[in-house]
Amino acid sequence: MARVLVTRRLPDGGTDPLTAAGHEIVTTDDDAPLTHEQLCTAVAEVDAVVCLLTDRIDDAVITAGVPHLKVVANVAVGYDNVDVSAAAAAGVAVCNTPGVLDETTADLAFLLILTASRLSSTAEHDLRTGAWHGWGINQYLGRDVHGATLGVVGYGRIGAAVARRAEGFGMHVLHHTRNDTGAPGWVADLDALLAESDVVSLHVPLKDETRHLIDARRLQLMKPTAVLVNTARGPVVDEEALAIALEGGEIFAAGIDVYEREPEVHPRLLTAPRTVLLPHIGSASQQTRTRMAQLACEGAVAVLNGERPPNLVTP
Ligand code: DGY
């Protein structure tokens with residue numbers, strides 16, 4: 001039997017793989033995130049950690065876990081909160097949750113495409129606050145989604161799932177990745193894709209090379225009628241540059257689910273026009289969050305059994 005630190009409360013059934021395997025779960029009574037110091041202390045007494053993207057698992061945390069710690073299982077597909085190199089150097093495996101959240105996240109990306117393009121958040125806000133005084137032919141004039149060109153940036157499972165939805169909505173779909181996917185619609189040059197797209201949806205992981213991938217220069221390449229959607233990671237977009245682009249009408253609208261310094265949102269983004277802002281809920285359905293928690297726990301169980309889990313990210 002191993003001791004497994006579960007850093008936050010998981011959805012019901014999420015830790016079933018740990019209990020089924022007979023492991024002891026170490027957790028806190030409340031759902032408050034552990035401080036970095038608390039994480040370092042807690043990790044020193046366990047064999048495995050099941051953590052969330054709000055936990056910063058850096059070199060210090062990994063080092064505090066040596067020599068007992070065998071695995072860090074992150075309940076997210078993105079693992080930029082985990083220092084994978086430090087883990088690999090310490091012989092600690094890192095797992096994530098690929099595959100189980102693709103469709104749910106793609107649904108939310110599509111929701112943002114529709115909401116941002118059709119200005120429905122603004123329209124609903126006006127209705128609820130009594131600012132709507134009756135139908136008008138020039139009110140809430142959004143952009144058509146059908147017939148528009150969607151540029152998908154990053155074409156992994158989630159990007160491809162968004163592309164499938166777009167086909168059903170009658171959009172013309174392009175995608176950009178560094179290497180040719182061989183799929184129709186591949187565009188080698190990101191700048192060219194940005195210039196051609198009516199809607200741009202971001203689906204790249206956060207890495208050094210994708211930090212501020214969408215910056216002031218690239219926002220200027222987009223059409224003044226274009227919509228930008230980000231359900232990937234906040235730092236992929238320069239938030240201040242985005243706010244400036246929205247304020248100046250350089251692009252038409254934005255739909256954003258992730259932020260550079262969560263839970264802070266850039267104050268200019270909060271007041272920017274035609275901007276739909278959601279609190280990082282891309283994968284937030286009951287079924288998907290439960291499955292994510294289970295998959296992370298299954299990865300931890302596999303490593304504790306001396307097996308190689310399919311969701312291993314360490315080399
Ligand atoms: C992830 O899995 O990386 C999402 O951001 C959380 O669902």
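## Pockets, cavities and pairings in a predicted model

In this structure, the second largest pocket encloses about 160 Å³ of space. The model is a predicted one, and the values below should be read with that in mind. The lining of this pocket is made up of 14 residues, and those lying nearest its centre are Val-6, Arg-8, Arg-9, Leu-10 and Thr-27. Sorted by class, the lining of the second largest pocket holds four nonpolar, five polar and five charged residues.

Enclosed space comes next. Rolling a probe the size of a water molecule over the atoms shows where empty space is left. The structure holds two cavities of 30 Å³ or more, and the largest cavity has about 40 Å³ of space. Its lining consists of Thr-115, Ala-116, Leu-119, Ser-120, Ser-121, Thr-122, Ala-253, Arg-274, Thr-275 and Val-276. Two or more residues of this lining come from each of the elements α5, α6 and β11, and the largest share, three residues, is given by α6. By class, the lining of the largest cavity divides into four nonpolar, five polar and one charged.

The second largest cavity has a volume of about 30 Å³, and the residues that line this cavity are Asn-230, Gly-234, Val-237, Glu-239, Leu-242, Ile-256, Val-258 and Tyr-259. Here the lining is composed of five nonpolar, two polar and one charged residues.

Two residues that line the largest cavity, Leu-119 and Arg-274, also call for attention in their backbone. Most residues other than glycine have a negative phi, and most peptide bonds are trans. Leu-119, although not a glycine, has a positive phi of about 55°; this residue sits in the loop between α5 (102-118) and α6, and it counts as buried because its relative accessibility is 10%, where buried means under 20%. Arg-274 likewise has a positive phi, near 50°, and is a residue other than glycine. Arg-274 is placed in the loop between α11 and β11 (275-277), and its relative accessibility of 27% makes it count as partly exposed.

The backbone also contains cis peptide bonds. One of them joins Val-66 and Pro-67, with omega about 10°, and Pro-67 belongs to the loop between α3 (59-65) and β4 (71-74). Another cis bond joins Glu-262 and Pro-263, with omega about 5°, and Pro-263 is located in the loop between β10 (253-256) and α11 (267-271).

Attention now turns to charged side chains. Side chains of opposite charge can pair when their charged atoms come close. In this model the count comes to 14 salt bridges, and the table gives some of them.

| Salt bridge | N to O distance |
|---|---|
| Arg-3 and Glu-24 | 3.1 Å |
| Arg-165 and Glu-103 | 2.8 Å |
| Glu-298 and Arg-291 | 3.2 Å |

The side chains of Arg-3 and Glu-24 meet in a salt bridge. This pair links distant parts of the chain, with Arg-3 in strand β1 (residues 3-6) and Glu-24 in strand β2 (residues 24-26), 21 residues apart. Arg-3 counts as partly exposed at 28% relative accessibility, and Glu-24 counts as partly exposed at 32%.

Arg-165 and Glu-103 also meet through their side chains. Because Arg-165 lies in helix α7 (residues 157-168) and Glu-103 in helix α5, the pair ties together parts that are 62 residues apart in sequence. Arg-165 counts as buried, with a relative accessibility of 18%, whereas Glu-103 is partly exposed, with a relative accessible area of 38%.

In the salt bridge between Glu-298 and Arg-291, Glu-298 is partly exposed, with a relative accessible area of 33%, and Arg-291 is partly exposed, with 31%. Elsewhere, salt bridges that share partners join Glu-103, Asp-107, Arg-164 and Arg-165 into one network.

The surface also carries a nonpolar patch, formed by Leu-127, Trp-132, Trp-135 and Ile-137, whose accessible area together is about 540 Å². Ile-137 from this patch is found in the loop between α6 (120-128) and β6 (149-153), and Ile-137 counts as exposed because its relative accessibility is 65%.

Methods: Residues numbered from 1 in each chain as written. Predicted model: local features only at pLDDT ≥ 70, side-chain atom pairs only at ≥ 80, totals over all residues. Heavy atoms only, no water. 1 Å grid on protein atoms, 1.4 Å probe; cavity = no way out; pocket = protein on both sides within 12 Å on 5 of 7 lines; lining within 4 Å. Points joined across faces, edges and corners; volume = space filled by probe spheres on them. Nonpolar A, V, L, I, M, F, W, Y, C, P; charged D, E, K, R; others polar. Patch = residues over 30% accessible without salt bridge, like charges linked within 9 Å, V, L, I, M, F, W, Y side chains within 5 Å. Areas by Shrake-Rupley, 256 points an atom, 1.4 Å probe, with all protein chains shown as cover. Salt bridge = Lys/Arg side-chain N within 4 Å of Asp/Glu carboxyl O. Helix = DSSP H or I, 4+ residues; strand = E, 2+ residues; numbered from the N terminus. Buried < 20%, exposed > 50% of the residue type's maximum accessible area, 1.4 Å probe, protein only.
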